[in-house]
Amino acid sequence: MAAGRTISRLLGLWLAVSPLAVRAAEIAISCGAIGQEMEFCRSAAERWAAETGNTVEIVSTPNDANQRLALYQQILAARSPDIDVFQIDVVWPGILGYAFEDLTPYVPDAAKAAHFPAAIANDTVGGRLVAMPWFIDIGLLYYRRDLLERYGKPVPETWADLHRTAAEIMAGERDAGRDMWGWVFQARAYEGLTCNALEWVASFGGGTIVDADGAVTIENSSAAAAFDEAGSWIGTIAPEGVLNYAEEEARGVFQSGRAVFMRNWPYAWALANGEGSPVAGKVGVTVLPHGPAGRSAGAMGGAQLAVSRFSRHKAEAVDLVLYLTSAEEQKRRAIEASFNPTIRSLYEDAEVLAANPFYATLGQAFETAVSRPSGVTGVKYNRVSNAFWNSVYEVLAGDTEPAAALADLAERLRRMRGDGW
Ligand code: GLC
């Protein structure tokens, strides 16, 4: 008996201290899959699993942000424990935060302070830290340095400059028998179009759809001018097909050498310059153009990692989140895949800077960045965005005039707001 008790006590002790026995959980993590996202998520999560004795399952979800959101909403509304760790968009804490663990008790103050305060603020809903910042996105202008040089053109500063330069180089290249478009971006009817169109509107001085106080501001002449300008690109400097482009379609055209300019997020840098890329070494990155009276405005995007309240393995899930969002892992992702860190000190890291020469431009881009109105519209953000991208889409497709589209949009948004967001 005594021996049996000793053995069971020893076994208990062993269970308590052995990482293998105590922590052998299977953690399911959903990762994005734009560019190298999935590959980098997988390799790091598997490294964590090997180090901790747990296992990971990588769940792939739709690439289009809004389709992924709809899937997450279903999973979380059903209180499903199937996904432990969710990669969420920067605009979703207000929508999904209710279903995530408050990470405050797990994150030491020093670790929190290492991130940009704005990123932590974005992920804090009602005083709860519902996700950890993972990478920051910002809309950037990619250009073919070699082509601008060949045609003796400066990097465009205004949208009108971009239009002219794109048209001229496209015509010249086509005359020489080369397949070339002037400008590619994201104009499919989805969240990415909201980002692009917000950049146009903000850079014309037309505001942010809904302002910081919750007022609907989109019906204004600068926004109409921005819509008008964007409409003039379709079928001229941009292919009609851009109406069905998300990030990866635009990158496909640009990276294969068939476009002069591209709007995309930072991840495209590492791929455009990667092994086997036809445009490696020929690409420049700068801030997006602006309208006649406005200033450049790149949309802020990015990803966070959150732990489901319905997870059956919360401790392990939190551990994985802290591992993936750590400085070491963010550094690896920045160097190898140009994902912008959320940890401030990495912007002074010599290896990170050497891998991403365009980080010199980022300071300027961050200063004039524009955020989608997700904070102020809270749980209704997705409906706001949906209404916005649909009305922009109609203008781009030539179905509506800008002023009429904006009047109709403003009316719908005011109805949506009702007595308050
Ligand atoms: C990127 C951004 C995200 C944005 C999405 C739109 O994933 O990080 O914030 O919503 O693109 O396509």
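Counting disulfides in this predicted model gives just one. The bond runs between C31 and C41, with the two sulfurs 2.0 Å apart. What it ties together are distant parts of the chain: C31 belongs to strand β1 (residues 26-31) and C41 to helix α3 (residues 37-52), with 10 residues of separation. As for handedness, the link of C31 and C41 is left-handed, at -40° about the S-S bond. Neither partner is out in the open, as C31 and C41 are both buried. Another cysteine, C195, has a relative accessibility of 3%; buried means under 20%, so C195 counts as buried too.

Then there is the empty space inside. Searching the whole structure turns up one cavity of 30 Å³ or more, and the largest cavity holds about 310 Å³ of space. Its lining is made up of 23 residues, and those closest to the centre are I34, D89, D137, E247 and W265. By character, the lining of the largest cavity splits into 11 nonpolar, seven charged and five polar residues.

Where does the lining of the largest cavity come from, in terms of helices and strands? At least two residues each are supplied by helices α4 (65-77) and α10 (191-203), and by strands β3 (85-89), β6 (132-138) and β11 (300-307). At the domain level, both domain 1 (3-137 + 301-362) and domain 2 (140-299 + 370-417) take part, each giving at least three residues to the lining of the largest cavity.

How values were computed
Residues numbered from 1 in each chain as written. Predicted model: local features only at pLDDT ≥ 70, side-chain atom pairs only at ≥ 80, totals over all residues. Heavy atoms only, no water. Disulfide = S-S within 2.5 Å. Helix = DSSP H or I, 4+ residues; strand = E, 2+ residues; numbered from the N terminus. Buried < 20%, exposed > 50% of the residue type's maximum accessible area, 1.4 Å probe, protein only. 1 Å grid on protein atoms, 1.4 Å probe; cavity = no way out; pocket = protein on both sides within 12 Å on 5 of 7 lines; lining within 4 Å. Points joined across faces, edges and corners; volume = space filled by probe spheres on them. Nonpolar A, V, L, I, M, F, W, Y, C, P; charged D, E, K, R; others polar. Domains from an automatic or database assignment.
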